[in-house]
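Me: Please take a close look at the part of this chain that you would examine at the outset, and then relate that part to its surroundings. A connected account in formal terms would be best.

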Amino acid sequence: MRHGESEFNTANIFTGWCDVALTPRGVVEATEAGQVFLSCGVRFKVCYTSVLSRSISTAFRSLESAGVGWVDMVKDWRLNERHYGALQGLSKERTGERLGREKVMKWRRSFFARPPEMEPGHPHYDMIENDLRYRKLKADGGITKGESLEDTQKRVVAVWEDTIVKESCTGGEEGEEGDCVLVVAHANTLRALLMHLDSIEVSAIEDVNIPTAVPFYYDIDNKTGKVVDNKKPAGSFRGKFIYDDLKKRSFLERRRAAQDPWLWALRDDDVEEGMLNKKSLDEISIEEEASRNTKLFASNPSPAAKKV
């Protein structure tokens with residue numbers, strides 16, 4: 001499951017490793033997902049998340065709502081969202097206007113394209129470099145400064161095979177109560193994982209969208225760690241969305257929104273004067289925009305996120 005709606009999601013900003021919070025809507029989405037787990041009788045023995053707050057909060061709230069808040073949560077940075085490099089903190093729409101929509105869309109959706117690297121001086125650089133949750137990663141070889149989806153897939157598949165499947169699936173008893181494993185991650189990490197599980201071609205991955213907080217599941221063979229054949233051809237999405245009648249409409253709306261980003265677009269009469277920045281596009285530098293967006297939307301810095 002992808003995390004619930006975040007502050008940067010609703011503002012259409014490149015998020016990456018910026019530790020933004022869930023919106024009130026995102027909290028509701030996570031709670032609704034847990035209610036669906038409960039009503040459908042889905043039981044978990046362990047939950048895996050990234051080390052980013054929006055993933056952790058979504059996992060906790062959904063498990064708590066499902067009545068299994070006691071389930072162990074394993075946090076792994078390899079499930080983090082794709083690192084968007086120098087794009088992080090920038091408006092997707094305005095960056096497309098500045099640099100060209102075709103170039104920006106290639107950075108966003110293609111498998112191989114890597115965005116410009118984040119360099120010292122970027123408002124998020126020190127925030128990530130000095131974050132204690134990445135202390136071991138930094139010591140072991142350094143923190144990435146930007147990733148393609150291909151780069152992201154390598155670490156996601158590694159945690160899937162080395163940890164999730166190895167420790168949670170292989171050797172389990174079929175039909176064992178509570179034998180499901182919950183993975184709560186991010187749009188691009190899940191796109192990368194689906195590409196691996198479903199053998200989706202590079203040319204097709206650009207069209208794969210993951211809606212916020214709509215759970216889906218795969219049947220995984222306990223011995224091989226591979227997807228159990230469900231009569232859908234390899235190369236297509238073989239997961240199954242989980243919902244009940246009460247949440248079906250809400251979930252379907254979010255699936256539509258993943259396909260149609262204009263579904264929730266504001267009309268002119270919805271926009272208040274205070275929501276608009278008075279400076280023109282040309283007057284606001286990239287650095288100023290990223291810094292402003294961070295201050296507006298990032299969650300309150302914890303001691304682990306402060307510069308040391």
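Reply: Asn12 is partly exposed in this predicted model, because its relative accessibility of 32% lies between the 20% limit for buried residues and the 50% limit for exposed ones. Asn12 sits in the loop that links α1 to α2. Its phi is positive, near 60 degrees, although the residue is not a glycine.

Ser199 also belongs in this account. Its phi is near 55 degrees, again a positive value in a residue other than glycine. Ser199 lies in the loop between α9 and β4, and helix α9 precedes it. With a relative accessible area of 45%, Ser199 is partly exposed.

On one side of the Asn12 loop stands α1, which spans 7-11, and His3 is placed in the segment before that helix. His3 has a relative accessible area of 2% and is therefore buried, the limit being 20%. Beyond its neighbours within four places in sequence, His3 touches Asn9, Leu22, Arg54, Ser55, Thr58, Val184, Ala185, His186, Thr212 and Ala213. UniProt, in an unreviewed entry, places the feature "active site" at His3 and Glu81. These positions are spread over 79 residues of sequence, yet they cluster in space, with a largest C-alpha distance of 10.5 Å.

On the other side of the Asn12 loop comes α2, which covers residues 24-39; its axis comes within 7 Å of that of α3, residues 53-65, and the two cross at roughly 40 degrees. That angle makes α2 oblique to α3, since roughly parallel would require an angle under 35 degrees. The crossing is right-handed. From α2, the contact draws on Val27, Ala30, Thr31, Ala33, Gly34, Gln35, Phe37 and Leu38, while α3 supplies Thr58, Arg61, Ser62 and Ser65. Sorted by class, this contact contains five nonpolar, six polar and one charged residues. Thr58 links this packing to the earlier description: it is one of the α3 residues in the contact with α2, and it is also among the residues that His3 touches.

The helix that leads to Ser199 can be treated in the same manner. Helix α9, residues 187-197, is mostly covered, as 10 of its 11 residues are buried. The buried residues are Ala187, Asn188, Thr189, Leu190, Arg191, Ala192, Leu193, Leu194, Met195 and Leu197. They pack against α5, α8 (149-168) and β4 (216-217).

The packing of α9 with α8 can be given in detail. The two axes are 8 Å apart and the helices meet at an angle of about 70 degrees. That makes α8 roughly perpendicular to α9, because the angle falls within the range of 65 to 115 degrees. On the α8 side, the residues involved are Leu149, Thr152, Gln153, Arg155, Val156, Val157, Trp160 and Glu161; they meet Asn188, Thr189, Arg191, Ala192, Leu193, Met195, His196 and Leu197 of α9. The contact divides into eight nonpolar, five polar and three charged residues.

Helix α5, against which buried residues of α9 pack, also has α4 as a partner. The axes of α4 (residues 92-99) and α5 (residues 101-109) lie 7 Å apart, at an angle of about 130 degrees. The two helices are therefore oblique to each other. Here Lys92, Glu93, Thr95, Gly96, Glu97 and Leu99 of α4 meet Arg101, Lys103, Val104, Trp107 and Arg108 of α5. By class, this contact consists of three nonpolar, two polar and six charged residues.

A further link across the sequence involves Leu90 and Glu288, which are 198 residues apart along the chain but 9.6 Å apart from C-alpha to C-alpha. Glu288 belongs to helix α11, residues 286-297, and is partly exposed at 35% relative accessibility.

For the chain as a whole, the secondary structure amounts to 11 helices and five strands. Of its 308 residues, 47% are buried. Among contacts between residues at least 6 apart in sequence, 77% connect residues at least 24 apart.

How values were computed:
Residues are numbered from 1 along each chain as its sequence is written. This is a predicted model: local features need pLDDT of at least 70, side-chain atom pairs count only at pLDDT 80 or more; totals for chains, interfaces and linings use all residues. Side-chain values use heavy atoms; hydrogens and water are left out. Axes are lines fitted to C-alpha atoms, for helices over the stretch in contact, and angles run from 0 to 180 degrees between N-to-C directions. Helices (H or I, at least four residues) and strands (E, at least two) are DSSP runs, numbered from the N terminus. Angles under 35 degrees count as roughly parallel, over 145 as roughly antiparallel, 65 to 115 as roughly perpendicular and the rest as oblique. A crossing is left-handed if the near helix is turned anticlockwise from the far one by less than a right angle, and right-handed if clockwise. Contact means heavy atoms within 4.5 Å. Ala, Val, Leu, Ile, Met, Phe, Trp, Tyr, Cys and Pro count as nonpolar, Asp, Glu, Lys and Arg as charged, and the others, Gly among them, as polar. UniProt positions are given in the numbering used here, feature names are shortened, and annotations may be inferred rather than shown by experiment. Buried means under 20% relative accessible area, exposed over 50%, partly exposed in between (1.4 Å probe, protein chains only).
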